[in-house]
2 protein chains.
Amino acid sequence: MEPSKVSFLGPKASFSHQAAVEAFGGSAQLTPCLSFADAFSAVQQGQSDYAIIPVENSSNGSVMQTLDLLADRNEIYADVEVCAEHYLTVHHCFMVRKNTSPAYSSITKLYTHPQAWGQCETFLSKNFKGVERQDVSSTSKSAEIVSKETTECSGAIASRFAAEYHGVDVLAENIEDKADNTTRFLILRNVHSKRSARLTFQDASPSKPSSTALKTLVLFTVDHNSPGALADALSVFKDHGLNLTSINTRPSQKRAWQYVFFVECARVPTPQNQKAVARVLQSLPQVTESCKHLGTWKDRL
Amino acid sequence: MEPSKVSFLGPKASFSHQAAVEAFGGSAQLTPCLSFADAFSAVQQGQSDYAIIPVENSSNGSVMQTLDLLADRNEIYADVEVCAEHYLTVHHCFMVRKNTSPAYSSITKLYTHPQAWGQCETFLSKNFKGVERQDVSSTSKSAEIVSKETTECSGAIASRFAAEYHGVDVLAENIEDKADNTTRFLILRNVHSKRSARLTFQDASPSKPSSTALKTLVLFTVDHNSPGALADALSVFKDHGLNLTSINTRPSQKRAWQYVFFVECARVPTPQNQKAVARVLQSLPQVTESCKHLGTWKDRL
């Protein structure tokens with residue numbers, strides 16, 4: 001069978017690229033996108049079987065841009081659904097140009113993405129106090145820059161994946177302050193795609209067995225003028241035995257101070273709750289203005 | 001009586017400064033802060049009677065940094081509470097150096113905060129296609145820059161408030177794409193402050209009468225391993241007749257994938273619900289790991 005086509009947010013060797021390799025294995029055909037919106041479009045238009053998109057980081061919280069695309073306020077991604085998730089532990093390394101082995105004290109310039117400085121503060125203040133820092137658009141880019149450096153003695157902070165991709169030497173590993181900084185990715189497919197219905201990409205990361213629990217993501221809006229509407233909508237999940245695991249709120253963009261709500265819930269499948277999600281989706285329209293099932297998938301946490 | 005001391009996020013003539021003037025009037029002593037954290041500290045330490053902090057924008061959603069400070073995970077702002085809110089409509093103007101009256105076609109450079117470019121796209125693409133754009137750290141700063149410009153013919157995008165503060169000429173008003181782009185500010189005080197208990201800053205913005213409704217903000221965490229804990233906590237509000245108006249979620253920062261929840265609820269006071277908030281706060285500890293009342297104030301929407 002033809003390999004899966006997967007879109008991820010570029011550049012190559014980004015954390016999204018690494019997540020795609022981990023989730024889909026080496027045989028998939030991975031394509032970098034310029035934006036999250038492009039990845040959604042690729043799935044909607046059928047150019048990709050899947051897209052893999054960061055939705056939440058354990059330290060920084062939800063990725064608003066991804067939620068806004070899932071909200072799909074202009075109904076341009078109507079056929080995109082979530083079919084799986086993938087957790088990527090974010091490890092940073094310190095790296096330099098191949099075969100140069102400089103002492104830390106001879107490094108005169110550092111490159112990385114603005115967010116990574118803050119995530120490696122302990123390592124940086126211990127080893128590189130006062131050294132010039134240059135922001136770049138991605139950690140992968142910083143690895144690429146030092147790989148081509150010829151005039152200066154510079155270092156980059158990026159993943160081991162990016163170091164290997166760009167062929168630079170890792171001098172220190174796991175330099176992040178927080179050992180358990182993890183990003184959760186959602187994997188998207190087109191509900192009408194027969195190809196992705198057949199493919200079993202889950203087998204690509206056999207190291208972590210799936211739990212038996214299933215997660216479901218539902219989006220809804222409520223009538224802002226109806227008191228208790230939000231509480232009523234949330235009660236529906238509880239009434240059908242679904243455990244709410246997270247709630248996110250975004251502006252509706254239609255009227256100020258009206259919201260779209262993202263509710264994620266989990267259940268361990270039993271004969272009793274087999275139809276719980278279907279029943280929730282049947283009941284929600286009675287207490288919401290609009291609602292949409294964004295997908296159900298195996299819990300990978 | 002001594003005027004109120006109010007901290008806001010600087011620089012001077014920022015939107016926060018404008019919100020402070022609108023909410024507290026001209027007689028208050030307004031002090032710019034370098035960061036949101038400094039404004040929280042000023043209230044906690046008693047250097048300010050109040051701080052005014054943006055918490056939500058009608059288009060962009062919640063301000064995560066403000067939620068994280070309210071979560072107060074290290075308990076350094078234990079005495080800070082929300083005592084009021086203020087809504088500021090965000091209007092942008094196009095401005096140039098005083099008494100220069102240039103034609104649009106002679107403007108060679110534009111200055112503003114990165115967010116403002118996106119908010120004024122229609123105006124910019126109609127009048128300034130291809131003109132060089134320079135990002136600056138605040139819209140107020142852009143007004144200041146053009147006020148001092150001597151060599152170039154440049155323009156800035158900022159508020160009328162900033163134009164007046166920096167003494168520049170407004171050539172076009174309300175150039176924003178979205179007419180109802182509004183930012184909600186919270187006003188903070190120290191629960192132990194006798195001064196701010198006495199002061200009645202609400203009277204400073206008499207143009208908008210308060211509705212009779214009261215809003216309450218409560219923060220809580222639930223046991224992640226207890227199924228239904230979140231739904232149970234939310235039910236408590238409903239059981240006591242409080243209407244949930246918004247929910248926000250942030251990482252707990254203690255363990256990955258555990259959250260702090262911010263629930264805002266509203267009620268029109270009646271003899272029956274007078275003690276509703278107190279009862280909610282009494283019941284919540286039975287279904288949450290921790291909970292905190294962050295304040296109750298008059299609805300100003």
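**Notebook: chain contact and domain packing**

I began with a single pair across the two chains: Asp232(A) and Lys238(B) form a salt bridge, with 2.8 Å between the closest N and O atoms. The model I am reading is predicted.

**Entry 1: the contact between chain A and chain B**

I then asked how many salt bridges the rule counts between chain A and chain B. The count is 2 salt bridges, and the pair Asp232(A) and Lys238(B) is a salt bridge that I looked up by name. I also looked up the polar contacts, and 14 residue pairs are counted between chain A and chain B, both residues being at pLDDT 80 or more.

Next I noted which elements of chain A give two or more residues to the side that touches chain B: strand 3 (50-57), strand 11 (182-190), helix 9 (229-239) and strand 13 (243-251). Strand 13 of chain A gives the most to that side, with 8 residues. By class, I recorded 14 nonpolar, 14 polar and 7 charged residues for the side of chain A that touches chain B.

For the extent of the contact, I found 35 residues from chain A and 35 residues from chain B. The two chains bury about 2,900 Å² between them, and carbon and sulfur atoms carry 58% of that area. In chain A, the residues that lose the most area to chain B are Lys238(A), Ile247(A) and Trp257(A), which together make up 22% of what that side buries.

**Entry 2: chain A as a whole**

I turned to the make-up of chain A and noted 10 helices and 15 strands. The C-alpha atoms of chain A fill a box of roughly 65 × 50 × 35 Å along the principal axes. Of the 301 residues in chain A, 54% are buried. I also checked contacts in chain A between residues at least 6 apart in sequence, and 76% of them join residues at least 24 apart.

The domain assignment divides chain A into domain 1 (1-90 + 181-202), domain 2 (93-172) and domain 3 (209-301).

**Entry 3: domain 1 against domain 3 in chain A**

I looked up the distance between the centres of domain 1 and domain 3 of chain A, taken over C-alpha atoms, and obtained 21 Å. In this interface, 19 residues of domain 1 are in contact with 21 residues of domain 3. The buried area between domain 1 and domain 3 of chain A is about 1,700 Å², with 52% from carbon and sulfur atoms.

Across this interface of chain A the rule finds 3 salt bridges. I also looked up the salt bridge of Glu264(A) with Arg184(A), in which the closest N and O atoms are 2.9 Å apart. The interface of domain 1 and domain 3 further has 10 residue pairs in polar contact, both at pLDDT 80 or more.

On the domain 1 side, the elements that give two or more residues are helix 3 (64-71), strand 5 (80-89) and strand 11 of chain A. Strand 5 of chain A provides the largest share of that side, 6 residues. The classes on the side of domain 1 that touches domain 3 are 11 nonpolar, 2 polar and 6 charged residues.

**Entry 4: Ser252(B)**

Last, I asked whether Ser252(B) is buried or exposed. Ser252(B) has a relative accessible area of 10%, so this residue counts as buried, the cut-off being under 20%. Ser252(B) lies in the loop between strand 13 (243-251) and strand 14 (259-267) of chain B. Leaving out residues up to four places away in sequence, I found that Ser252(B) touches Arg73(B), Gln258(B), Tyr259(B) and Val260(B).

Technical notes: Residues are numbered from 1 along each chain as its sequence is written. Chains are lettered from A and ligands numbered from 1 in the order in which they are written. This is a predicted model: local features need pLDDT of at least 70, side-chain atom pairs count only at pLDDT 80 or more; totals for chains, interfaces and linings use all residues. Side-chain values use heavy atoms; hydrogens and water are left out. Contact means heavy atoms within 4.5 Å. Buried area is the accessible area (1.4 Å probe) that two parts lose on being put together, summed over both. A salt bridge is a side-chain nitrogen of Lys or Arg within 4 Å of a carboxyl oxygen of Asp or Glu. A polar contact is a pair of N or O atoms within 3.5 Å; within protein, one must be able to donate a hydrogen and the other to accept it, and residues adjacent in sequence count only if both atoms are side-chain atoms. Helices (H or I, at least four residues) and strands (E, at least two) are DSSP runs, numbered from the N terminus. Ala, Val, Leu, Ile, Met, Phe, Trp, Tyr, Cys and Pro count as nonpolar, Asp, Glu, Lys and Arg as charged, and the others, Gly among them, as polar. Buried means under 20% relative accessible area, exposed over 50%, partly exposed in between (1.4 Å probe, protein chains only). Domain bounds come from an automatic or database domain assignment.
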